[in-house]
Amino acid sequence: MSTTGAPNLRSIRPLDAGWLLELWNESAVHDPLTPELLAEKIWDDDDFRPAESFVALHGDEAAGFIVGVVRTGGDSPIGYVKMLAVVPERQRLGIGSLLLDAVKSAMARRGVKALRLGESLPNYLVPGVDARYESALRFFDSKGFRRFDEACNMTADLRHERFDTEKDEHELARFGIRVRRAESRDNEVLQQFLQRHWPPWQHEVQCSLGRARPAVHLAFRGEELLAFSAYDGNNAGCGSFGPMGTAPSARGLGIGRVLLRRCLRDIRAMGFKQATIPWVAPTGFYEHHVGATIARRFHRYQKEL
């Protein structure tokens, strides 16, 4: 296999899916993908544009690929590298740099001033770069990315806990609070609730609500929505929990614990032995209520363009 000469770049195409999946799973051993999940991360992303995702080819042979996306809606657009992989025997030949430069140039033309790695909410695979990918960390450090935060994923063991909520729900009922699975008719009030408190989560929760069996649980007092929890919205089919949130006025009543346990009960019924709780901030909450433990740590990176 020749390694001479610079590779040619072109946009990613759906027909590339087979070798993209093979290369990714060979390279990103901590983040294996199925064909369905690969499609979710690339072509099913509402912001995907072929002009911002590239493959590198030596003749007809694949050398690597990069998936980029731009998120708008804030003060200024932010670019994200969702995926980057290079064929192992072609690493350290400048292919990763070439792919990264192509994405940076494409995004700069759209006015992007900052580029981040992984955390492309609402459709993201990981919230940063896993600390175990040491060569990737060295690569991004060398390219001028700076670490600005840390993130973690937790896991909850589903094998031995029933996640019964009957007693807790009875207690909530004493305060006029009822908990139930969401229905399609709840979409409008749920979206209004999210717009008021957590706008970035609207799309992800919409995906959860749209499952054949809605993957969202809600807490009401009268007609007022107080809290929600969701699962299987992002990284579908992987046993992923979240997001969840309780209105500030209703915190401290134990609603979150009930909604969390309802979702974990559903995830167990899907056949999973553990649930992933990604991009966690209040680790103590999950540790206390369901015995969750930190499973992965990530470095969050940003580069100014």
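This short talk walks through a helix, two nonpolar cores, an open sheet and one buried arginine in the structure shown above. Please keep in mind throughout that what we are looking at is a predicted model.

Let me begin with helix α3, which covers residues 95-108, 14 residues in total. From its first C-alpha to its last this helix reaches 20 Å, which is close to the 20 Å expected at 1.5 Å a residue. Its buried residues are I95, G96, S97, L99, L100, A102, V103, A106 and M107, and these pack against five strands and a helix, namely β1 (8-11), β2 (53-58), β3 (61-71), β4 (78-86), β5 (114-117) and α4 (134-142).

That brings me to the cores. In soluble globular proteins, nonpolar side chains tend to be buried together. Here the largest nonpolar core has 46 residues, and W24, L33, F65 and M83 are the ones with the most contacts inside it. The element that gives the most to this core is α3, with seven residues. If we take W24 and leave aside its neighbours within four places in sequence, we find W24 in contact with D31, L33, F65, M83, L84, A85 and L125. There is also a second core, separate from the one just described, which has 29 residues, L158, A227, F241 and L259 among them.

Turning now to the open sheet, four strands form it in the order β8-β9-β10-β11, with antiparallel pairing. Which strands stand at the edges? They are β8 (177-181) and β11 (241-246), and because each has a single partner strand, one side of each is left without a neighbour in the sheet. On average, and with direction ignored, neighbouring strands of this sheet are turned by 15° against each other. At the β8 edge, five bridges join β8 to the antiparallel strand β9, residues 216-221, and R178 stands opposite F220 in β9. Helix α6, residues 187-197, lies across β9, β10 (224-231) and β11, and runs at about 90° to β10.

I will finish with R90, which is placed in the loop between β4 and α3. Is this arginine buried or exposed? With a relative accessible area of 0%, R90 falls under the 20% cut-off, and therefore counts as buried. Its side chain is joined to that of E61 by a polar contact of 3.2 Å.

Terms used
Residues are numbered from 1 along each chain as its sequence is written. This is a predicted model: local features need pLDDT of at least 70, side-chain atom pairs count only at pLDDT 80 or more; totals for chains, interfaces and linings use all residues. Side-chain values use heavy atoms; hydrogens and water are left out. Helices (H or I, at least four residues) and strands (E, at least two) are DSSP runs, numbered from the N terminus. The expected span of a helix is 1.5 Å times one less than its number of residues. Buried means under 20% relative accessible area, exposed over 50%, partly exposed in between (1.4 Å probe, protein chains only). Contact means heavy atoms within 4.5 Å. A nonpolar core is a set of buried Ala, Val, Leu, Ile, Met, Phe, Trp, Tyr and Cys residues joined through side-chain atoms within 4.5 Å. Two strands pair if DSSP finds at least two bridges between them. Axes are lines fitted to C-alpha atoms, for helices over the stretch in contact, and angles run from 0 to 180 degrees between N-to-C directions. A polar contact is a pair of N or O atoms within 3.5 Å; within protein, one must be able to donate a hydrogen and the other to accept it, and residues adjacent in sequence count only if both atoms are side-chain atoms.
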